[in-house]
Amino acid sequence: MHFRTIIEPFRIKAVEPIRRTTRAEREVALRAAGYNLFLLKAEDVLIDLLTDSGTGAMSSEQWAGMMRGDESYAGARSFYRFEQAVSEITGLKHVIPTHQGRAAERILFGSMLKPGDIVPNNTHFDTTRANVEYRQAVALDLPSPECNKPEFPCPFKGNINLEALEQLLKEQGDKVPLVMVTVTNNSGGGQPVSMANLRAASDICHKYGKPLFLDACRFAENSWFIKVREEGYEHKTPLEIAQEMFSYVDGCTMSAKKDGMANIGGFLAVNDDALAQRAKNMLILSEGFPTYGGLAGYDLEAIAVGLKEALDEDYLRYRIRSVSYLGEFLSGAGIPIVQPPGGHAIYIDAKTMLPQIPQQQFPAWALSLVLYLEGGIRSVEIGSVMFGRQPDGSEKPAANELVRLALPRRVYTQSHVDYIAEVLLYVNKLKDRIRGVRLVEAPPVLRHFTARLEPVAGALVVEG
Ligand SMILES: *Cc1c(COP(=O)(O)O)cnc(C)c1O
């Protein structure tokens with residue numbers, strides 16, 4: 001190819017208008033929402049970067065597939081298409097549909113864990129951790145040491161710590177019924193796991209007779225990072241890379257709201273026949289019959305098509321480039337972000353950017369509010385509002401104060417990304433005038449979803 005510009009590899013057939021609002025209108029909306037972006041009406045948001053989960057745009061092929069959906073209760077054609085798509089990529093023997101990823105987690109852990117067990121993972125996603133802990137087991141994060149340095153770039157920051165894994169299996173292996181690796185490592189910033197790390201983790205697990213499971217939500221994005229960053233994979237297709245990743249594991253959980261390119265759905269896939277049988281028995285209790293598992297036939301069709309589209313090279317090149325393009329803009333302007341950018345999101349380090357705001361006044365929360373106030377952009381705080389409250393009711397500041405900008409799949413174009421960058425550069429210029437917030441009321445658990453706050457200085461941005 002002679003041309004450098006990476007274009008959106010699609011043209012747009014249906015459009016959904018987004019609504020501009022004035023700063024004054026957003027000020028009113030923020031006050032009404034108790035200074036909590038979760039409580040805004042989505043139609044008051046111009047660019048919504050709250051999450052990349054279930055927010056993507058489906059293709060014309062997916063919509064066509066939905067019209068072919070077979071809604072038979074048992075043995076629907078759509079199930080066999082879905083099963084075929086999952087098997088081609090994962091090679092796993094039993095494919096069990098669920099309504100989303102956390103249902104697959106609940107069924108897997110419900111079938112495998114007992115109180116006191118330990119589940120190691122590079123980093124547990126929050127629903128994964130909650131489902132492990134619900135079984136009174138311990139969700140143990142074993143990230144590779146380089147994950148802990150936000151501004152230090154390295155190609156596979158999502159890796160699991162192999163020495164710590166082996167030591168755990170050697171010393172307490174009897175308590176570990178399974179090991180998980182999350183690709184990409186979401187909580188660690190959408191950072192990829194290398195094939196070498198996954199292969200080595202697999203060797204260690206199998207040496208100690210433990211099954212390895214992939215939390216596969218962003219398997220396609222992880223495949224792309226392996227292709228462009230790991231020696232020996234540059235000539236392989238993303239599908240071949242994904243197939244090799246799955247060849248090292250005994251099962252997986254998946255949220256089809258991420259690299260399934262669907263608005264809802266998920267699955268559990270396993271090789272073990274007895275485990276599959278136990279999981280299907282649990283599935284029938286709460287999700288549904290094993291050939292639909294809480295989904296409509298048309299959802300199964302959308303996922304079957306979406307899983308393949310997620311592995312398209314042009315799509316992945318555009319996807320990963322959109323994220324790094326935004327990251328380059330921001331770091332070029334001196335805005336501190338987690339380096340290197342991950343696959344689905346940019347994380348701004350608000351503790352470094354806004355040193356005038358103590359952690360007790362939630363700098364990342366305040367910054368996310370200012371991005372909405374000034375530019376109509378919705379992001380999410382990953383900091384002390386989300387994690388600061390301890391089980392005993394006391395407060396302890398989170399390790400990092402991050403603002404996550406998650407990019408939905410195939411939804412925004414380069415001019416949207418340019419706009420996001422422009423808003424951030426503008427906010428960066430007035431950063432010295434940004435002030436913190438305090439809690440007015442908050443529930444004891446998962447408070448970030450419903451808490452109400454207020455600006456400590458009467459305004460988020462004070463006069464200069
Ligand atoms: C989203 C996600 C889940 C849970 O999936 P849901 O579909 O939201 O239930 C699990 N693990 C990771 C890494 C995720 O990103």
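In this predicted model, Arg410 sits in the loop that runs between β12 and α16. The backbone of Arg410 has a positive phi of about 65°, although the residue is not a glycine. Arg410 counts as buried, because its relative accessibility is 14% and the cut-off for burial is under 20%. Arg410 also belongs to the lining of the largest cavity. In addition, Arg410 is among the residues closest to the centre of the second largest pocket.

The loop between β12 (402-406) and α16 (414-429) also holds Thr413. Thr413 is buried, with a relative accessible area of 18%. Residues up to four places away in sequence aside, Thr413 touches Glu8 and Ile12.

Four cavities of 30 Å³ or more are present in the structure. The largest cavity has a volume of about 80 Å³. Its lining consists of Tyr318, Arg319, Ser322, Val323, Leu407, Pro408, Arg410, Val411, Tyr412 and Val417. Helix α12 gives the largest share of this lining, with four residues. By character, the lining of the largest cavity divides into seven nonpolar residues, one polar and two charged.

The second largest pocket has a volume of about 1300 Å³. Its lining comprises 35 residues, of which Ala14, Ala57, Met58, Arg410 and Val411 are the closest to its centre. Val411, like Arg410, is also listed in the lining of the largest cavity. Three elements, β1 (47-48), α2 (60-67) and α12 (313-332), each supply at least two residues of the pocket lining. Helix α12 thus appears in the lining of the pocket and in that of the largest cavity. The pocket lining divides into 18 nonpolar, seven polar and 10 charged residues.

The protein is divided into two parts, domain 1 (23-52 + 312-455) and domain 2 (60-309). The contact takes 24 residues from domain 1 and 28 residues from domain 2. The centres of the two domains, taken over C-alpha atoms, are separated by 27 Å. Each domain also contributes at least three residues to the lining of the second largest pocket.

Helix α4 covers residues 101-112. At 1.5 Å a residue, its 12 residues should span 16 Å. The C-alpha atoms at its ends are 17 Å apart, which agrees. Nine of the 12 residues of α4 are buried, so the helix is largely enclosed by the rest of the structure. The buried residues are Gly101, Ala103, Ala104, Glu105, Ile107, Leu108, Phe109, Ser111 and Met112. An α-helix has 3.6 residues a turn, so residues three or four places apart point the same way.

Helix α8 (residues 219-229) contains Ser223. Ser223 is buried, with a relative accessible area of 0%. Neighbours within four places in sequence aside, Ser223 is in contact with Pro238, Ile241, Ala242, Met245 and Leu311. Ser223 and Cys205 are 18 residues apart along the chain, and their C-alpha atoms are separated by 22 Å.

Further backbone features occur in other loops. Met261 has a positive phi of about 55°, although it is not a glycine. This residue lies in the loop between β7 (251-255) and β8 (266-270). Met261 counts as buried, at 5% relative accessibility. The peptide bond from Val183 to Thr184 is cis, with omega near -25°. Thr184 is found in the loop between β5 (179-182) and α7 (195-207). A cis peptide bond also joins Gln339 and Pro340, where omega is about -10°. Pro340 lies in the loop between α12 and β9 (345-349).

Note on methods:
Residues numbered from 1 in each chain as written. Predicted model: local features only at pLDDT ≥ 70, side-chain atom pairs only at ≥ 80, totals over all residues. Heavy atoms only, no water. 1 Å grid on protein atoms, 1.4 Å probe; cavity = no way out; pocket = protein on both sides within 12 Å on 5 of 7 lines; lining within 4 Å. Points joined across faces, edges and corners; volume = space filled by probe spheres on them. Nonpolar A, V, L, I, M, F, W, Y, C, P; charged D, E, K, R; others polar. Domains from an automatic or database assignment. Expected span 1.5 Å × (residues − 1). Buried < 20%, exposed > 50% of the residue type's maximum accessible area, 1.4 Å probe, protein only. Contact = heavy atoms within 4.5 Å.
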